[in-house]
Number of protein chains: 2
Amino acid sequence: DAGSLWLYRWYYSKLYQRVLGFAIFLILALAFVEFPSSFTRTADLRYRSQPWQPPCGLTESIEAFCMLVFLVDLSVKGYLVGRAQLQEHRWLLAYLVVLAVSVVDWTVSLSLACEEPLRVRRSLRPFFLMQNSSMMKKTLKCIRWSLPEMASVGLLLTIHLCLFTIIGMLVFTIGETDEAQDKERLAYFQNLPQALMSLLLLLTTSNNPDVMIPAYIKNRAYALFFITFTLIGSLFLMNLLTAIIYSQFRGYLMKSLQTSLFRRRLGARAAYEVLARDTPEAVGVNPEDFLRVLQKTQLSEIHKQAIMQKVLSYEGRPMLADEFQKLFDEVDKGVIKERPPKPQYQSPFLQSAQFLFSHCYFDYLGSLIALGNLVCICVFLVLDSDLMPGQRDDFVLGILNDVFVLYYLLELLLKVFALGLRGYLSYPSNVFDGVLTIILLVLEISTLAVYRLPHSGWMPKQYGPLSLWDMTRLVNTLIVFRFLRIIPNVKPMAVVASTILGLIQNLRAFGGILLVVYYVFAIIGINLFRGIIVPPGNSSLVPNNSSARCGSFEQLDYWSNNFDDFAAALITLWNVMVVNNWQVILDAYQRYSGPWSVVYFVLWWLVSSVIWINLSLAVLLENFLHRWDPQNHKQLLVGAHQ
Amino acid sequence: DAGSLWLYRWYYSKLYQRVLGFAIFLILALAFVEFPSSFTRTADLRYRSQPWQPPCGLTESIEAFCMLVFLVDLSVKGYLVGRAQLQEHRWLLAYLVVLAVSVVDWTVSLSLACEEPLRVRRSLRPFFLMQNSSMMKKTLKCIRWSLPEMASVGLLLTIHLCLFTIIGMLVFTIGETDEAQDKERLAYFQNLPQALMSLLLLLTTSNNPDVMIPAYIKNRAYALFFITFTLIGSLFLMNLLTAIIYSQFRGYLMKSLQTSLFRRRLGARAAYEVLARDTPEAVGVNPEDFLRVLQKTQLSEIHKQAIMQKVLSYEGRPMLADEFQKLFDEVDKGVIKERPPKPQYQSPFLQSAQFLFSHCYFDYLGSLIALGNLVCICVFLVLDSDLMPGQRDDFVLGILNDVFVLYYLLELLLKVFALGLRGYLSYPSNVFDGVLTIILLVLEISTLAVYRLPHSGWMPKQYGPLSLWDMTRLVNTLIVFRFLRIIPNVKPMAVVASTILGLIQNLRAFGGILLVVYYVFAIIGINLFRGIIVPPGNSSLVPNNSSARCGSFEQLDYWSNNFDDFAAALITLWNVMVVNNWQVILDAYQRYSGPWSVVYFVLWWLVSSVIWINLSLAVLLENFLHRWDPQNHKQLLVGAHQ
């Protein structure tokens with residue numbers, strides 16, 4: 001009925017979706033502000049100042065606003081889906097439950113004056129993000145489908161690990177009588193849990209040469225044990241995990257393309273049926289009716305005109321279903337953007353100048369000058385690296401910078417003259433150049449105004465930590481991006497670049513899942529490990545790490561890898577995810593917090609490495625192959641659809 | 001003609017191919033024996049004894065034999081290809097050149113009494129392996145085809161690296177006035193080459209948390225710089241490389257399948273034409289002629305019988321081309337191996353016993369017992385890990401081992417009784433069990449004979465380093481493999497396992513390329529870096545690494561990672577390939593050998609990581625998808641062929 005339709009339109013309007021998105025962003029961002037808040041300059045335990053804590057009620061009121069938005073969202077969605085079908089939508093039911101739990105937790109929190117020990121709702125928040133994105137739900141479903149195979153690979157990995165642990169234990173306990181050398185070897189195979197951990201770390205290659213060194217020093221043959229283990233584990237089994245995830249994701253992009261194509265055709269057919277009812281003979285759609293309806297739709301102006309032209313070519317006779325369907329193919333066609341016309345100049349001199357400056361060689365000259373600029377920066381970086389900051393002479397560099405900025409300004413003006421202002425702005429690369437040039441000009445002028453003209457012994461650097469001079473140099477390096485415009489001219493580069501661009505669209509779902517996993521693990525980590533790591537005696541602020549064992553948490557100054565606030569937890573999780581040297585963090589938490597902390601980190605490694613390496617690779621492969629061999633893909637798409 | 005045909009048959013006979021393969025293996029294995037030979041117990045510089053050096057002429061005579069074989073091979077191949085087409089076969093020409101260079105180098109070597117400074121032929125040897133395998137040539141071609149795209153990704157990577165280096169240098173030189181903290185930060189961004197190296201290492205994540213710690217301690221925001229760099233570099237660009245290699249390899253397996261199918265059909269058609277000439281009407285092949293020819297071919301007996309049955313179904317009339325073609329489809333069909341019949345027993349008691357022991361539940365019981373055995377081993381490993389070797393009491397474990405071995409023996413006998421000896425041996429899993437049981441039995445009996453019966457305080461371990469007792473325990477752990485037989489019963493496990501099995505076939509080409517790359521780089525490394533690393537003063541054999549800087553080559557005892565002989569070079573290259581902690585090796589060689597050694601290691605990282613990660617992943621994906629979705633693959637195969 002009309003009310004539902006209006007509600008439907010309003011629900012999918014841009015304004016409403018933006019409000020919803022903002023509420024989701026807000027409630028997720030709260031984690032940085034809430035106790036323990038992340039507003040300190042450093043995460044290092046030794047130098048950290050007392051952070052600002054929000055007063056009780058501030059974050060809670062923001063939360064209340066967000067939950068109100070979610071409540072409205074839930075009720076509208078529930079109304080649209082209908083009461084009868086409500087039970088089939090598990091996501092909606094879960095939405096209801098999560099929201100209810102959050103509200104209850106919120107009231108508890110308020111009634112205890114924000115002093116409650118545990119906030120359940122914090123770890124539930126990512127659900128709101130997940131619930132709102134259909135792509136993320138689909139990705140999640142894909143992961144769920146591949147769970148059985150992943151579990152079987154996991155089982156194989158476990159068998160592999162256990163087998164090598166037992167063999168390793170037996171092999172390395174044989175020569176125990178030789179005490180001198182085995183002292184070190186026993187560091188890795190002391191007892192069963194430690195041996196298991198050593199090999200688990202070897203699976204991630206994070207202790208690679210170290211674990212085999214003591215045995216290898218004694219006899220070359222021991223290296224074979226470790227190499228075989230790494231080969232089977234990393235080469236076969238880990239890559240098998242990737243293959244499994246990819247095989248699930250292979251049809252993923254194609255399937256979603258198919259579904260959207262199918263839905264669009266269904267919609268067109270329904271529209272045809274509705275419109276055909278009005279024509280007296282009921283054999284087709286009256287073009288006038290169609291054009292009237294078309295004016296009300298929200299298609300872009302260019303597509304509308306293309307469709308109208310096609311309709312007019314039917315010369316007023318009613319359209320049949322096939323023809324109606326074909327009209328909408330126009331929407332799929334790529335739009336060739338028309339450039340605004342070049343300004344017309346009368347004088348032949350001006351005309352030839354216009355030809356000269358709108359030619360592509362002029363672009364190449366600009367790129368060459370930019371390259372020269374970069375080389376200058378590099379040369380001065382190399383020259384200055386040996387000098388102390390006080391001894392440097394920035395005279396030549398200052399002059400050169402001025403020259404380059406002047407050239408960029410000249411280029412900007414000449415191009416505007418040749419192409420006209422609107423023509424100039426119609427190229428995205430030109431817009432980038434223009435903005436960069438103007439920023440550089442402003443910075444350069446203010447530099448000159450503050451520090452006067454360059455002269456020998458000119459050192460604008462001395463004034464303050466982030467001076468205008470440094471900013472100029474930083475912006476100057478952005479000139480590197482000018483080279484990106486060469487890419488579309490080289491065929492393989494173009495494919496590679498377009499893959500990266502296409503990836504960014506598909507990456508939203510993937511990034512969302514990564515965000516959710518990070519969020520949940522960070523919150524759990526904060527609850528488990530906050531304040532566990534104790535800084536060394538506060539008496540000495542100078543790091544006295546000389547007494548600590550080499551390669552330990554203390555010696556490596558990893559104090560900032562803690563779970564004391566949300567931002568620090570994110571960075572710590574990142575460092576564990578990258579896997580290199582994670583044994584250091586693991587060891588420290590085992591010492592400070594107890595042996596069971598290892599479960600959290602291993603779990604995080606499993607989840608994040610699966611998501612990080614495999615999912616990203618799968619999405620990338622899918623995108624690349626789609627772009628690389630579009631003919632083949634399209635064929636499959638049409639074939640599967642028929 | 002007949003002579004060529006005979007030569008062709010002889011060339012592709014098993015004997016000749018085996019001799020050729022053996023010669024290739026021999027000439028490659030020489031690298032371990034030749035100066036500097038690898039026959040020392042350890043590769044560690046400090047403990048290494050003077051290795052045995054082969055007398056001049058020993059390795060040379062083996063080489064002479066191998067080169068003789070290759071000479072024969074080359075001349076036969078050249079004769080078969082024909083003089084006219086010789087110029088088109090570049091591989092053959094290269095073969096000739098390599099062989100000639102080797103012979104010249106060999107004579108020089110002999111005339112200088114094996115004292116020549118450089119042996120060119122050593123690095124040419126892998127060519128003989130490559131030349132002999134058509135799969136490896138194809139794989140190489142695949143890699144060559146994807147070079148343009150890989151170069152473009154490499155260019156993007158270079159731009160990415162340079163851009164971040166410049167930005168990093170500028171950002172980290174801004175706050176130079178704060179001397180106390182920047183001392184450490186300047187360790188990574190001291191000058192341009194060092195900054196570039198730091199970020200290159202970060203690209204491999206091998207210095208991940210360390211490189212960002214000094215900056216991160218000062219301000220949280222600096223972490224974003226490093227995280228962005230890793231994200232773009234590792235997530236996008238490195239995976240893009242994988243995608244490119246995979247897209248080249250996608251059709252690889254399929255194409256080679258197609259080619260072999262096409263060749264076989266062509267061969268069948270040619271055979272048909274030859275045979276059809278003899279029949280008077282020239283419309284088909286006389287079945288008798290065909291059967292006569294069939295008897296002379298080298299097909300397996302089962303296939304021959306299947307084809308003969310089919311021929312007989314045509315009832316003597318001449319066969320047409322289509323029917324002739326179809327005959328050979330029988331060869332493709334899988335062979336269902338028939339089990340030998342179970343022995344027939346008369347007594348009803350024996351019959352029911354036979355039913356009982358040939359049932360699968362009896363297998364499950366065996367697996368359960370094996371599991372118990374494993375658990376026992378693990379429990380004793382855990383219990384014994386806290387005790388000194390002298391204090392352990394092996395009485396209980398000795399008794400338990402005896403019990404388990406007795407059970408395995410009983411199981412063996414019962415199964416032979418139930419299935420018959422031939423029936424028992426027709427299952428590969430049973431063969432494995434049987435061999436294992438017999439080895440265990442022999443070891444156990446000899447243990448008992450040497451150490452007497454187990455009694456309290458029984459310690460068979462004390463006698464010698466690798467005692468019979470230890471061997472028994474080692475062989476006992478092999479019982480783990482019994483669990484592999486459960487795999488085919490679980491559906492996803494079966495797919496995963498069959499992928500791994502199928503992989504091993506395709507892996508030959510891949511492993512060959514890896515071998516070639518390792519070989520060449522190891523030889524180059526030996527020539528460049530032999531004897532460069534100097535051990536610390538020989539006066540003290542006890543490692544005095546306390547004075548060395550933490551995380552340095554000396555402190556980590558990496559002395560065995562050197563290029564002083566072939567085996568050590570292989571292990572060093574492996575450790576660099578695995579990438580973890582390679583900065584330590586890199587740093588040491590920069591100090592001992594000069595700054596340009598970095599080129600060798602970075603080159604090796606590029607080559608090996610491309611081959612290691614990407615090629616292996618591509619081959620694995622191809623195999624997995626082939627097995628996962630064979631229907632789709634077969635369709636494509638047939639479609640492409642028509």
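## Chain A at a glance

A residue is called buried when its relative accessible area is under 20%, and exposed when that figure is over 50%. By that yardstick, 48% of the 642 residues of chain A count as buried. Keep in mind that what you're looking at is a predicted model.

Chain A has 29 helices and zero strands. Now take the contacts in chain A between residues at least 6 apart in sequence: 73% of them join residues at least 24 apart. As for the outside, chain A exposes about 32,400 Å², and 67% of that is supplied by carbon and sulfur atoms.

## Salt bridges in chain A

Side chains of opposite charge can pair when their charged atoms come close. Over all chains, the structure holds 22 salt bridges. One of them joins Asp564(A) to Arg48(A), with 3.2 Å between the closest N and O atoms. Asp564(A) sits in the loop between α25 and α26 of chain A, while Arg48(A) sits in the loop between α2 and α3, so this pair ties together parts that are 516 residues apart in sequence. How covered up are the two partners? Asp564(A) is buried, at a relative accessible area of 10%, whereas Arg48(A) is partly exposed, at 27%.

Another pair to find is Glu63(A) and Arg125(A), whose closest N and O atoms are 2.9 Å apart. Glu63(A) belongs to helix α3 of chain A and Arg125(A) to the loop between α6 and α7, so the salt bridge ties together parts that are 62 residues apart in sequence. Glu63(A) is buried, with a relative accessible area of 1%, and Arg125(A) is buried with a value of 1% too.

## A pair in chain B, and a network in chain A

Over in chain B, the side chains of Glu63(B) and Arg121(B) meet in a salt bridge, 2.4 Å from N to O. Here Glu63(B) comes from helix α3 and Arg121(B) from helix α6 of chain B, so the pair ties together parts that are 58 residues apart in sequence. Glu63(B) counts as buried at 1% relative accessibility, and Arg121(B) is buried with a relative accessible area of 1%.

Salt bridges can also share partners. In chain A, that sharing joins Glu34(A), Glu63(A), Asp105(A), Arg121(A), Arg122(A) and Arg125(A) into one network.

## Helix α8 of chain B

Helix α8 of chain B covers residues 134–145, which makes twelve residues. From first C-alpha to last, α8(B) reaches 17 Å, close to the 16 Å expected at 1.5 Å a residue. Which residues of α8(B) are buried? They are Met136(B), Thr139(B), Cys142(B) and Ile143(B). If you look down the axis of α8(B), these buried residues fall within an arc of 115°, so they line one face of the helix.

On the other side of α8(B), you'll find Ser134(B) and Arg144(B) exposed. Have a look at the start of α8(B) as well: a side-chain oxygen of Ser133(B) reaches to within 3.1 Å of the backbone nitrogen of Met136(B).

## Helix α15 of chain B

Helix α15 of chain B, residues 287–296, has Pro287(B), Asp289(B), Phe290(B) and Leu294(B) as its buried residues. Around the axis they cover an arc of only 155°, which puts them on the same side of α15(B).

What does the face of α15(B) turned away from its buried side carry? The exposed residues there are Arg292(B) and Lys296(B).

Methods: Residues numbered from 1 in each chain as written. Chains lettered and ligands numbered in written order. Predicted model: local features only at pLDDT ≥ 70, side-chain atom pairs only at ≥ 80, totals over all residues. Heavy atoms only, no water. Helix = DSSP H or I, 4+ residues; strand = E, 2+ residues; numbered from the N terminus. Expected span 1.5 Å × (residues − 1). Buried < 20%, exposed > 50% of the residue type's maximum accessible area, 1.4 Å probe, protein only. Arc of directions from axis to C-beta. Polar contact = N/O pair within 3.5 Å; in protein donor to acceptor, adjacent residues only side chain to side chain. Salt bridge = Lys/Arg side-chain N within 4 Å of Asp/Glu carboxyl O. Contact = heavy atoms within 4.5 Å. Areas by Shrake-Rupley, 256 points an atom, 1.4 Å probe, with all protein chains shown as cover.
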